[in-house]
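Biologist: Please take a close look at one part of this model for me, the sulfur atoms. After that, I would love to hear about the surroundings, in one connected account.

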Amino acid sequence: SEDVLSKDAGECAICLEELQQGDTIARLPCLCIYHKGQVFLRMHIKFQKVAFIVCIDEWFEVNRSCPEHPSD
């Protein structure tokens, strides 16, 4: 299900970016959480790059299980 994160929750296992309060997340039945939709990758200002990733949405295009619990 889609939700908004109420407090910081560590690192997303897919993109390795921090899950921060206010981020839109997907909470799987196993209770693991991942970024949902596009996520801005925080890059060093010197490089002046902006990048976006799609975490769990992109993962589910090729996988049907939780990245951390593939046998569930």
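Modeller: In this predicted model, the sulfur of Cys66 has its closest cysteine sulfur in Cys30, at 3.6 Å. A disulfide would need the two sulfur atoms within 2.5 Å, so this pair is too far apart for a bond. Cys55 gives a similar reading: its closest cysteine sulfur belongs to Cys15, and the separation is 3.5 Å, again too far for a bond. The count of disulfides in the structure is therefore zero. For your own set-up, note where these two residues sit with respect to solvent. Cys66 is buried, with 7% relative accessibility, and Cys55 is buried too, with a relative accessible area of 4%.

From the sulfur atoms we can walk into the interior. Cys66 is one of the residues touched by Tyr34. The list of Tyr34 contacts, which leaves out residues up to four places away in sequence, also includes Cys12, Leu19, Ile25, Leu28, Ile56 and Pro67. Two of those names return when we ask about the core: Cys12, Leu19 and Tyr34 have the most contacts inside the largest nonpolar core, a set of 13 residues. Strand E2, strand E3 and helix H1 (55-62) each supply at least two residues of that core. In the chain as a whole, buried residues make up 26% of the 72 residues.

Next, the frame around that core. The chain has five strands and one helix, and along the sequence the order is β-β-β-β-β-α. E2 (24-27) and E3 (33-35) run antiparallel and are joined by three bridges. Within this pair, Ile25 stands opposite His35 in E3. Ile25 is also among the residues that Tyr34 touches, as are Thr24 and Ala26. As a general point, side chains in a regular strand alternate between the two faces of the sheet.

The two strands form a hairpin with five residues between them. Leu31 lies in that loop between E2 and E3, and its phi is near 80°, a positive value in a residue other than glycine. The side chain story there is one of exposure: Leu31 has 62% relative accessibility, and it counts as exposed because that is over 50%. A second leucine of this kind is Leu16, whose phi is near 70°, likewise positive in a residue other than glycine. Leu16 sits in the loop between E1 (2-4) and E2, and at a relative accessible area of 52% it is exposed. These two are worth a glance in your backbone check, since each has a positive phi.

The loop that holds Leu16 has other residues to look at. Glu17, in the loop between E1 and E2, is a buried residue at 16% relative accessibility. Its C-alpha lies 9.9 Å from that of Tyr34, although 17 residues separate the two along the chain. Gln21 is also placed in the loop between E1 and E2, but Gln21 is exposed, at 56% relative accessibility. Exposed does not mean without contacts here: Gln21 touches Leu5, Ser6, Lys7 and Asp8, leaving aside residues up to four places away in sequence. The C-alpha atoms of Gln21 and Val4 are 7.7 Å apart, with their positions 17 residues apart along the chain.

One of those contacts, Lys7, belongs to the loop between E1 and E2 as well. Lys7 counts as exposed, with 60% relative accessibility. The C-alpha of Lys7 is separated by 7.5 Å from that of Gly22, a residue 15 places away along the chain. With Gln21 touching Lys7, you can follow how the early part of this loop meets a later part of it.

Finally, two totals help to place all this. Of the contacts between residues at least 6 apart in sequence, 29% join residues at least 24 apart. The chain exposes about 5200 Å², and carbon and sulfur atoms supply 51% of that area. The sulfur atoms we began with, in Cys55 and Cys66, belong to buried residues.

Notes
Residues numbered from 1 in each chain as written. Heavy atoms only, no water. Helix = DSSP H or I, 4+ residues; strand = E, 2+ residues; numbered from the N terminus. Buried < 20%, exposed > 50% of the residue type's maximum accessible area, 1.4 Å probe, protein only. Contact = heavy atoms within 4.5 Å. Areas by Shrake-Rupley, 256 points an atom, 1.4 Å probe, with all protein chains shown as cover. Pairing = 2+ DSSP bridges. Core = buried A, V, L, I, M, F, W, Y, C linked by side-chain atoms within 4.5 Å.
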